[in-house]
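Dear colleague,

Please find below the structure that I am handing over to you. My notes on what was found in it follow directly after.

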Amino acid sequence: GIAATAAEFDVVRLATAWANTSGRKGFGGSGEYVDGSGAAASWAAAVGDLAVRQELGRQCRWLIDRARVDYLVRRAGMEACVEEYVDAGVSPENQVLIARRASAAA
């Protein structure tokens with residue numbers, strides 16, 4: 001899976017927002033995230049500069065999208081893929097997950 005614990009998954013999930021960040025602090029403006037234990041940890045110092053956070057956010061989004069495709073294919077028996085529908089220069093939200101029922105074997 002993407003993460004070994006729910007707390008680790010929360011960090012990956014929340015970090016996807018970094019892909020679109022313009023330098024504002026935090027996952028909701030606070031500059032901190034809350035892990036599964038309820039403890040708050042500073043993320044800005046741990047992760048580094050804006051470009052690093054943006055790349056990490058893109059990688060986390062990629063992981064989650066691929067996990068979704070894997071789930072749809074393996075567990076739901078569907079055909080699925082992630083496609084870029086507009087250049088990233090137009091919008092960082094430039095991918096769509098496409099899924100359909102798998103074709104029946106002849």
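Which residues does Arg61 touch, not counting residues up to four places away in sequence? In this predicted model, the partners of Arg61 are Thr16, Ala19, Asn20, Pro92 and Glu93. Arg61 itself is found in helix H3, which covers residues 50–74. Its relative accessibility is 17%, and Arg61 therefore counts as buried, the limit being under 20%.

**Overall architecture**

The chain contains 3 helices and 4 strands, and their order along the sequence is α-β-β-α-α-β-β. Of its 106 residues, 20% count as buried. The exposed surface of the chain amounts to about 7100 Å², of which carbon and sulfur atoms supply 53%. Among contacts with a separation of 6 or more, 40% are accounted for by residues 24 or more positions apart.

**Helices H1 and H3**

Helix H1 spans residues 6–15, and its axis comes within 7 Å of the axis of H3. The two axes cross at roughly 115 degrees, and the crossing of H1 past H3 is left-handed. On the H1 side, the residues that take part in the meeting are Phe9, Val12, Arg13 and Ala15; on the H3 side, they are Gly57, Cys60 and Ile64.

Another position in helix H3 is Arg58. With a relative accessibility of 41%, Arg58 counts as partly exposed. Its C-alpha atom is separated by 4.9 Å from that of Ala19, although the two residues lie 39 residues apart along the chain. Ala19 is also one of the residues touched by Arg61.

**The loop after H1**

Asn20 is found in the loop between H1 and strand S1 (32–34). Its relative accessible area is 27%, so Asn20 is partly exposed. Leaving aside residues up to four places away in sequence, Asn20 touches Arg61, Pro92 and Glu93. Pro92 and Glu93 also appear among the residues that Arg61 touches. Between Asn20 and Glu55 the C-alpha to C-alpha distance is 9.7 Å, with their positions 35 residues apart in sequence.

**The loop between S3 and S4**

Where is Asn94 placed? The residue lies in the loop between strand S3 (78–84) and strand S4 (95–101). Is Asn94 buried or exposed? Asn94 has a relative accessible area of 6%, and because buried means under 20%, this residue is buried. The side chain of Asn94 reaches the backbone oxygen of Val86 at 3.2 Å. Beyond residues up to four places away in sequence, Asn94 touches Glu83, Glu84, Tyr85, Val86, Asp87 and Ala88. Val86 is thus listed among the contacts of Asn94 and also supplies the backbone oxygen that the Asn94 side chain reaches.

**Cysteines**

The structure holds 0 disulfides. Cys60 has a relative accessibility of 7% and therefore counts as buried; Cys60 is one of the H3 residues that meet H1. Cys81, by contrast, has a relative accessible area of 27%, which means that Cys81 is partly exposed.

With kind regards

How values were computed:
Residues numbered from 1 in each chain as written. Predicted model: local features only at pLDDT ≥ 70, side-chain atom pairs only at ≥ 80, totals over all residues. Heavy atoms only, no water. Helix = DSSP H or I, 4+ residues; strand = E, 2+ residues; numbered from the N terminus. Buried < 20%, exposed > 50% of the residue type's maximum accessible area, 1.4 Å probe, protein only. Contact = heavy atoms within 4.5 Å. Areas by Shrake-Rupley, 256 points an atom, 1.4 Å probe, with all protein chains shown as cover. Disulfide = S-S within 2.5 Å. Polar contact = N/O pair within 3.5 Å; in protein donor to acceptor, adjacent residues only side chain to side chain. Axes fitted to C-alpha atoms, helices over the stretch in contact; angles between N-to-C directions. Left-handed = near helix turned anticlockwise from the far one by under 90°.
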